[in-house]
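The exercises below ask the reader to work from the displayed model towards a local or overall reading of it. Each task is followed by a solution that proceeds in steps.

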Amino acid sequence: MLTGETREAALARVGRALADPTRCRLLVALLDGPAYPARLAADLGLSRSNVSNHLACLRGCGLVVASLEGRQTRYDLADPHLAAALRELAGVVLAVSTTDACLDEAEAHA
């Protein structure tokens, strides 16, 4: 049974997905429309198993859906609102200093 989440939980889930570079790349690639793991792997220069593992994670998070088409599985963003939100986020221009590290990056290297 599927249930709704609070806004905070939903945003945290999306944030965790975007925090991983590979999952972020997959979500951005799916903005262009549905795709198959083999094609995503080729387009992004990743192994098929790596793409499949990350897609399974994104599916478990409820961010992508999978549709069986014969022997292949097609993946798509789970909700048009997610696509709109990702497009909006991609359009955000951040004022980023080239000398200051992001806090998480600084902590990772400490």
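**Exercise 1. Confidence along the chain**

Determine which elements of this predicted model have the lowest and the highest mean pLDDT.

Solution. Comparing the elements of the chain, one finds the lowest mean pLDDT, 59, in helix H6 (residues 103-108), whereas H3 has the highest, at 97. For the chain as a whole, the average pLDDT is 87, and 82% of the residues score at least 70.

**Exercise 2. A buried arginine**

Locate Arg23, establish whether it is buried or exposed, and find the nearest side chain of opposite charge.

Solution. Begin with the position: Arg23 belongs to helix H2, which spans residues 21-30. Arg23 is buried, and yet it has no salt bridge, the nearest side chain of opposite charge being that of Asp20, 4.0 Å away. Next, consider the surroundings: when neighbours within four places in sequence are left aside, Arg23 is in contact with Arg16, Ala17, His54, Cys57 and Leu58.

Continue with His54, one of these contacts, which is placed in helix H4 (residues 48-60). His54 has a relative accessible area of 14%, and because the limit for a buried residue is under 20%, His54 counts as buried. With neighbours within four places in sequence again left aside, its contacts are Asp20, Thr22, Arg23 and Leu26, so that Asp20 appears here as a contact of His54 and above as the oppositely charged side chain nearest to Arg23.

**Exercise 3. The nonpolar core**

Describe the largest nonpolar core, stating how many residues it has and which elements give two or more residues to it.

Solution. The largest nonpolar core has 21 residues, and those with the most contacts inside it are Leu27, Leu40 and Leu77. Two or more residues are given to this core by each of helix H1 (7-19), H2, helix H3 (37-44), H4, strand S2 (72-77) and helix H5 (80-90). H2 provides the largest share, 4 residues. Taking Leu27 as an example, and not counting residues up to four places away in sequence, one finds that it touches Ala17, Leu18, Leu58, Leu63, Val64, Leu77 and Leu86.

**Exercise 4. The cysteines**

Find how many disulfides the structure holds, and explain why Cys61 is not bonded to Cys57.

Solution. The structure holds 0 disulfides. The cysteine sulfur closest to that of Cys61 belongs to Cys57, and because the separation is 4.4 Å, it is too far for a bond. As for exposure, Cys61 is partly exposed at 23% relative accessibility, and Cys24, at 25%, also counts as partly exposed.

Technical notes:
Residues are numbered from 1 along each chain as its sequence is written. This is a predicted model: local features need pLDDT of at least 70, side-chain atom pairs count only at pLDDT 80 or more; totals for chains, interfaces and linings use all residues. Side-chain values use heavy atoms; hydrogens and water are left out. Buried means under 20% relative accessible area, exposed over 50%, partly exposed in between (1.4 Å probe, protein chains only). Lys and Arg count as positive and Asp and Glu as negative; His and the chain ends are not counted. Contact means heavy atoms within 4.5 Å. A nonpolar core is a set of buried Ala, Val, Leu, Ile, Met, Phe, Trp, Tyr and Cys residues joined through side-chain atoms within 4.5 Å. pLDDT is the predictor's confidence in each residue, from 0 to 100. A disulfide is a pair of cysteine sulfur atoms within 2.5 Å.
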